[in-house]
Amino acid sequence: MALSYNPLMLDIKLIRDEPDRIKKAILDRGMSAEAADVDGVLDIDARRRALLVQVEELKHERNKASEQIVAMKKDAADTTAITDRMREISDRIKEMDVEVREVDAKLREVMLDIPNVPDDSVPVGPDETANVEARRWGEPPSFTFKPKPHWDVGEDLDILDFQRGAKIAAARFTLLKGAGALLERALINFMLDLHTREHGYKEIFPPILANVETFTTTGQLPKFKDDMYQCQDGLLLVPTAEVPVTNIHRDETLREEDLTVNYVAYTPCFRREAGSYGKDVRGIIRQHQFNKVEMVKFAHPDHSFDELESMIGNAEEVLRRLGLHHRVMLLSTGDQGFAAAKCYDLEVWMPASGEFREISSCSNCTDFQARNGNIRFKPAEGGKPRFVHTLNGSGIAVGRTVAALLENNQLDDGRVVVPPALQPYMGGMTLIE
RNA sequence: GGAGAGAUGGCCGAGUCUGGCUUAAGGCGCACGCCUGGAAAGCGUGUGGGCGGGUUGACCUCGUCCCGUGGGUUCAAAUCCCACUCUCUCCGCCA
């Protein structure tokens, strides 16, 4: 009976008030006006409101008549005439309720195509060529020999086993052995300890299967269904901890004084990687299953962009402690995700290929996901609840960190140096050999 | 997997059998006011959210919807019917 429709991505009122700004944002992202139909949204929204006025008028009439019938019954009066009339009105209401529901569904459908509005500080451009380097840390290591790609380093040390990973599961699954498995586990613990003890995050271990509502809040559904592994009972494997952790406070109203809420979670992540068949076929850069430590923040709208700076800084700190050369890229309008208002990528140096590779991505989704998931806070001063801003970022991708360490820290004899920060997590091991 | 019980506002809890002055009783909590040297007690007032209209800021005001979720019956549903979800108790199975 509830006519309110929930998942809207952008604020419909914002589209009503500033349609031109939204249209510009869509073009800046390199999307076509057909792909994200602002005028269509406005049109359907107007129809919806006109319909609501009519049907609510009828409902008002019905409620009044109800009181009247009660009074008449008390006087033992004949109510046939009025009930007959109300029968017709009720039928009409039922029809219109159906119409409203249809229009709501239609509105939701077109709204789902409208992306978040990029922040003013985001460089405008069509794709990654317009990204801006924010800063760079360290120096690329120098080698007296030709550095091997990480898959060769790993296989020669017998710590990565691609053949058996494929035998057990499929291509893009890798078996970690011995010091490789230990390194993976050490990195997870190192990252979690860093973020919980020094960066003020609360540790979470969420479900790794989640339902459709959860996936809808963060925007993976309905648009990216093909990249998700689906299980029975309507559950899906999470592609990142962002999905379950952002949903912790779905349909909740937080207290303003509790913001910012900082969570960090280690989970395995599962991605079908549909449509990336040719890419990164060797090594562990692109896997169907990989481990990731993820940071999630629920922030006050006034501070969310400061929180984004702090979050990317927290991700960078992982690489600094491991001594890995890296740079931070501010993504352009055309390269950032659908839900993001602003996004930094953290890229680590890979000496074998001589390029930087993404190892973390930190986004401020402003109120985009919060509206979807109805995640709000009550202002301490009183007044209506407002939507929080949600942020998420890798802190960082574990498998890619293994790859970076194997390549950057390899010696000419094939052994790999364990960075000091990691040694306590590996039983004092200083060399993988 | 089997059997049973339950889900009502920030919380507790009545109402459901017997549909309609229920715009959900009562209590607790909270906020403000009175009282007080100050406090407690006492007294009084107020106390959710969504959507929409009123020339869209805020405030105000009017309407509508929300008693786990979704359908149905009816002039009218917290209340009757159906399906589903979740919680609790017991049994079975299990790391």
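Okay, let's start with the sheet. Three strands make up an open sheet, and going across you meet β7, then β13, then β14, with mixed pairing. By the way, what we're looking at is a predicted model. The edges of this sheet are β7, residues 252-255, and β14, residues 386-387, and each of those two pairs on one side only. If sheets are new to you: the strands pair through backbone hydrogen bonds, and the pairing can be parallel or antiparallel. Which sense do β13 and β14 use? They're antiparallel, with two bridges between them. One pair to find on your screen is Phe 377 and its bridge partner in β14, Arg 386.

Now keep your eye on β13, residues 375-378, since this strand also shows up at the RNA. It's listed with α1 (12-17), α3 (38-74) and α4 (80-111), and each of these four supplies at least two residues of the surface near RNA strand B. Who gives the largest share? That's α3, with 14 residues.

Let's zoom out to that whole surface. There are 30 residues around RNA strand B, and the closest ones are Arg 16, Glu 56, Lys 74, Arg 87 and Ser 90. On the RNA side, 74% of the atoms of strand B that come within 4 Å of the protein belong to sugar and phosphate. What sort of residues are on the protein side? We get 16 charged, eight nonpolar and six polar.

Here are some individual contacts to look up. Arg 48 has a polar side-chain atom 3.2 Å from a sugar or linking oxygen of RNA strand B. For Arg 49, a polar side-chain atom sits 3.2 Å from a phosphate oxygen of that strand. And then Arg 376: an N or O atom of its side chain is 2.9 Å from a sugar or linking oxygen of RNA strand B.

One more arginine, then. Arg 371 belongs to helix α11, which covers residues 368-373. Is Arg 371 buried or exposed? Its relative accessible area is 8%, and the cut-off for buried is under 20%, so Arg 371 counts as buried. Its side chain also has a polar partner: the side chain of Asp 367, at 2.8 Å.

Last bit, the overall layout. Chain A splits into domain 1, residues 12-111, and domain 2, residues 128-432. Their C-alpha centres are 43 Å apart. Where the two domains are in contact, four residues come from domain 1 and seven from domain 2.

Definitions and conventions: Residues are numbered from 1 along each chain as its sequence is written. Chains are lettered from A and ligands numbered from 1 in the order in which they are written. This is a predicted model: local features need pLDDT of at least 70, side-chain atom pairs count only at pLDDT 80 or more; totals for chains, interfaces and linings use all residues. Side-chain values use heavy atoms; hydrogens and water are left out. A residue is near a molecule or strand if one of its heavy atoms lies within 4 Å of it. A polar contact is a pair of N or O atoms within 3.5 Å; within protein, one must be able to donate a hydrogen and the other to accept it, and residues adjacent in sequence count only if both atoms are side-chain atoms. Ala, Val, Leu, Ile, Met, Phe, Trp, Tyr, Cys and Pro count as nonpolar, Asp, Glu, Lys and Arg as charged, and the others, Gly among them, as polar. Buried means under 20% relative accessible area, exposed over 50%, partly exposed in between (1.4 Å probe, protein chains only). Two strands pair if DSSP finds at least two bridges between them. Domain bounds come from an automatic or database domain assignment. Contact means heavy atoms within 4.5 Å.
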